[in-house]
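Me: I want to go through the ligand site and the empty spaces of this model. Shall we take them in turn?

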Amino acid sequence: MIKEIRITPSILNADFSDLKNEIAKIADVSDLLHLDIMDNIFVPNFTFDFQAAEAIITQSSLPVDAHLMVANVDSIAPAYAEAGCDSVTFHVEAAADISMTIKSIKSLGSRASIAIKPETDLNSYSDFLDDIDMILIMTVEPGFGGQSFREDMLPKISQAKKLIGDRPIWLQVDGGISERTIEMASEAGADTFVAGSAVFNSDNPAAMVQTLRRLAQGK
Ligand code: DX5
Ligand code: ZN
């Protein structure tokens, strides 16, 4: 059976002044659009305020996979579900009540997902696997695009895959995914791949998405 793969390009390294055109480049070949929200508190970088994010979510021809790298996320995440994101991911390190935040995202009609930073222990959060739709294992320290994939995260990806077991939960990786690294992440168990600079710094972003998908499928 061919493994079901999702490629979710991140626009973090795209041209923010011409996002419509940037998104159009990859829309036909991608599964979701990965939207990185940074607040300059949880991470030392800022991307979009809610108003700007909402405009992208409303205009995107692809379903949006929001990755919230913001502090006090309990009160912020529901607005992203309400704005129409297909999936809302928040960091466990930023949430006061993880269960409640998962529930409120889902009650507003979005898929709910938790993200785990490289230094965060996965075992402490395995109880939430019965409630989530996706888990994001960060393969770089969140905050910036263009960093190198952390191969020392491969055992954590395998661990997540094992903990997920038969549950229909997507296993996403984010950070440093490229032609060079996607196969190892896929072999470790990931099925949903964020790629920012690999896609948008490429001469042909759509062709790069297709190459990444083929490599992730082991072809
Ligand atoms: C990093 C972001 C990523 C980033 C990935 O904190 O969460 O989504 O855009 O960029 P690359 O693929 O360049 O590592
Ligand atoms: Zn991201």
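Reply: Yes. The model is predicted. Around ligand 1 there are 20 residues. The closest are Ser10, Gly146, Asp174, Gly196 and Ser197.

Me: Which residue places a polar side-chain atom 2.7 Å from an oxygen atom of ligand 1?

Reply: Two of the contacts to ligand oxygen atoms come from backbone N or O atoms. Gly143 makes one at 2.8 Å, and Gly176 makes one at 2.8 Å. The side-chain contact, at 2.7 Å, belongs to Asp174.

Me: How much of the area that ligand 1 exposes when taken alone does the protein bury?

Reply: Taken alone, ligand 1 exposes 380 Å². The share of that area buried by the protein is 100%.

Me: Which strand gives the most residues to the shell around ligand 1?

Reply: Strand 2 (33–38), strand 3 (64–69) and strand 8 (192–195) each supply at least two shell residues. The top contribution is 3 residues. It comes from strand 2.

Me: How many residues of the shell around ligand 1 are charged?

Reply: The shell has 10 polar residues and 8 nonpolar ones. The charged residues number 2.

Me: What is the volume of the cavity whose space ligand 1 takes?

Reply: A search of the whole structure finds 1 cavity of 30 Å³ or more. The space taken by ligand 1 is the largest cavity. Its volume is about 200 Å³.

Me: Which helix supplies at least two residues of the lining of the largest cavity?

Reply: The lining has 25 residues, and Leu12, Phe144, Gly145, Asp174 and Gly175 lie nearest the centre. By class, the lining has 11 nonpolar, 11 polar and 3 charged residues. Strand 2, strand 3 and strand 8 each supply at least two of the lining residues. The helix that does so is helix 7 (197–200).

Me: Now the largest pocket. Which elements give two or more residues to its lining?

Reply: The largest pocket has a volume of about 220 Å³. Its lining has 13 residues, with Glu4, Arg6, Lys161, Ile169 and Asp191 nearest the centre. The elements that give two or more are helix 5 (154–164) and strand 7 (170–174).

Me: How many residues of the lining of the largest pocket are charged?

Reply: Take the other classes before the charged one. The lining of the largest pocket has 5 nonpolar residues and 2 polar ones. Its charged residues number 6.

Conventions:
Residues are numbered from 1 along each chain as its sequence is written. Chains are lettered from A and ligands numbered from 1 in the order in which they are written. This is a predicted model: local features need pLDDT of at least 70, side-chain atom pairs count only at pLDDT 80 or more; totals for chains, interfaces and linings use all residues. Side-chain values use heavy atoms; hydrogens and water are left out. A residue is near a molecule or strand if one of its heavy atoms lies within 4 Å of it. A polar contact is a pair of N or O atoms within 3.5 Å; within protein, one must be able to donate a hydrogen and the other to accept it, and residues adjacent in sequence count only if both atoms are side-chain atoms. Accessible areas come from the Shrake-Rupley method with a 1.4 Å probe; for residues, only the protein chains shown count as cover. On a 1 Å grid over the protein atoms alone, a cavity is a set of points where a 1.4 Å probe fits but cannot get out, and a pocket is an open set with protein on both sides within 12 Å along at least five of seven lines; lining residues have an atom within 4 Å of a point. A molecule sits in a cavity or pocket if more than half of its atoms lie within 2 Å of its grid points. Helices (H or I, at least four residues) and strands (E, at least two) are DSSP runs, numbered from the N terminus. Ala, Val, Leu, Ile, Met, Phe, Trp, Tyr, Cys and Pro count as nonpolar, Asp, Glu, Lys and Arg as charged, and the others, Gly among them, as polar. Grid points are joined across faces, edges and corners, and a volume is the space filled by probe spheres set on the points.
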